[in-house]
Amino acid sequence: MGAQRFADLVKEKTGGKVNIKVYYSGQLFAGQQTNEFQLLRSGVADFAIGSTINWSPQVKELNLFNLPFFFPSYKDLDAVEDGQAGKAIFQRLRQLGVEPLAWGENGYRQLTNSKRPVRTPEDLAGLKIRVVGAPIFIDTFRALGANPTSLNFSETLTALQQGVVDGQENPIVGVIIPYKLWELGQRYLTVWNYVIDPLVFAASAQTWRTFPADVQKAIQEAASEAARYQKALARAGMDDGSALKYLNSIGVKVEIADPIAYLRNQGVQVTVLSPLEVGRFRDRVAGVVQRWAREVGSTLVVQAEADKKRVR
């Protein structure tokens, strides 16, 4: 929906000079999610709305968002994206041949499984959990005692259905509800907000350079508007009510205004962790955070910590 809104706004704001055809469900990268960044920087794709997770194997700085329990609130995330760390990441993307336009979002990634409720790290012991193809996710779930398996999402639904894996982690609004994971045996959900999954609205630098300044300005405005809309869709019913309020103000009616209640009505057993319970998981992955903070870059992590501190 965010991608289509972006395409529509670009056409409108450029007076039809720029028309974007949207390819859904990873058609352009043929299910290989971690190839997306390379396709964009090489000019195979002109634009993308890409997950920082999928781009992180090529852009190590994006692992900042993969640090477990580093972003305890949306307020913290927004501060980092709008702050010095966010600016530094956008500059790094430009150096690598991608023009970043705006921050979107997939949402906090929550845990589902078919075996049992997960409230403590001990509950994760031995569970086979599907994770994305970024090494930090393997390290995180091993530290928690689980047995992580890296699969592209195109393979995940079948793996869940066949019991090849016991569980997975993904955002509620963008993945768990639309794909009806409870129908694939995922009857237990843990809300722990362990990792946030931003998106980047971006253009290939090769394509971007072909636009005159007035067209670039129009596309940038379209991206900013579409990203705000898209981010609100991802947060609807999951934040303090701000997302739903904004969507209502622009005439967008959200079908599921309370995602947690909706899941419970589908028979999903939802476990919402308290701050103390989250702390037990955070303690288990402290070594992972320290190790990967060095990989991300100590300067960037310090900037991010300062950005978060400014809004507290």
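Two strands count as paired if DSSP finds at least two bridges between them. In this predicted model, strand β3 (residues 128–131) and strand β4 (residues 147–150) are joined by four bridges and run in the parallel sense. One of the bridge partnerships is that of V131 with S150 in β4. Between the two strands the chain passes through helix α6 (residues 135–143), and the resulting β-α-β crossover is right-handed.

Helix α6 also leads to another part of the structure, since the buried residues of helix α14 (residues 286–296) pack against α6 and against α15 (298–310). These buried residues are V288, W292, A293 and V296. They lie on the same side of α14, because the arc they cover around the axis is only 130 degrees. Q290 and R294 are on the other side of α14 and are exposed. Just after this helix comes G297, with a positive phi of about 120 degrees.

The next topic is charge. Side chains of opposite charge can pair when their charged atoms come close. Across the whole structure, a search finds 17 salt bridges. One of them joins the side chains of E61 and R92, with 3.5 Å from N to O. This pair links distant parts of the chain: E61 sits in the loop between α3 (52–55) and α4 (74–82), while R92 belongs to helix α5 (residues 84–95), and the two are 31 residues apart. With a relative accessible area of 14%, E61 is under the 20% cut-off and so counts as buried. R92 has a relative accessibility of 29% and is therefore partly exposed.

A second salt bridge is formed by R94 and E99, whose closest N and O atoms are 3.2 Å apart. Here R94 is partly exposed, at 36% relative accessibility, whereas E99 is buried, at 15%.

A third example lies in helix α15, where E305 and K308 are three residues apart, about one turn of the helix. An α-helix has 3.6 residues a turn, so residues three or four places apart point the same way. E305 and K308 form a salt bridge, and their closest N and O atoms are 3.4 Å apart. The relative accessible area of E305 is 37%, which makes this residue partly exposed. K308, by contrast, is buried, with a relative accessible area of 4%. Elsewhere, salt bridges with shared partners connect D78, E81, E105, K231 and R235 into one network.

Terms used. Residues numbered from 1 in each chain as written. Predicted model: local features only at pLDDT ≥ 70, side-chain atom pairs only at ≥ 80, totals over all residues. Heavy atoms only, no water. Right-handed = clockwise from strand over helix to strand, strands pointing away. Buried < 20%, exposed > 50% of the residue type's maximum accessible area, 1.4 Å probe, protein only. Arc of directions from axis to C-beta. Contact = heavy atoms within 4.5 Å. Salt bridge = Lys/Arg side-chain N within 4 Å of Asp/Glu carboxyl O.
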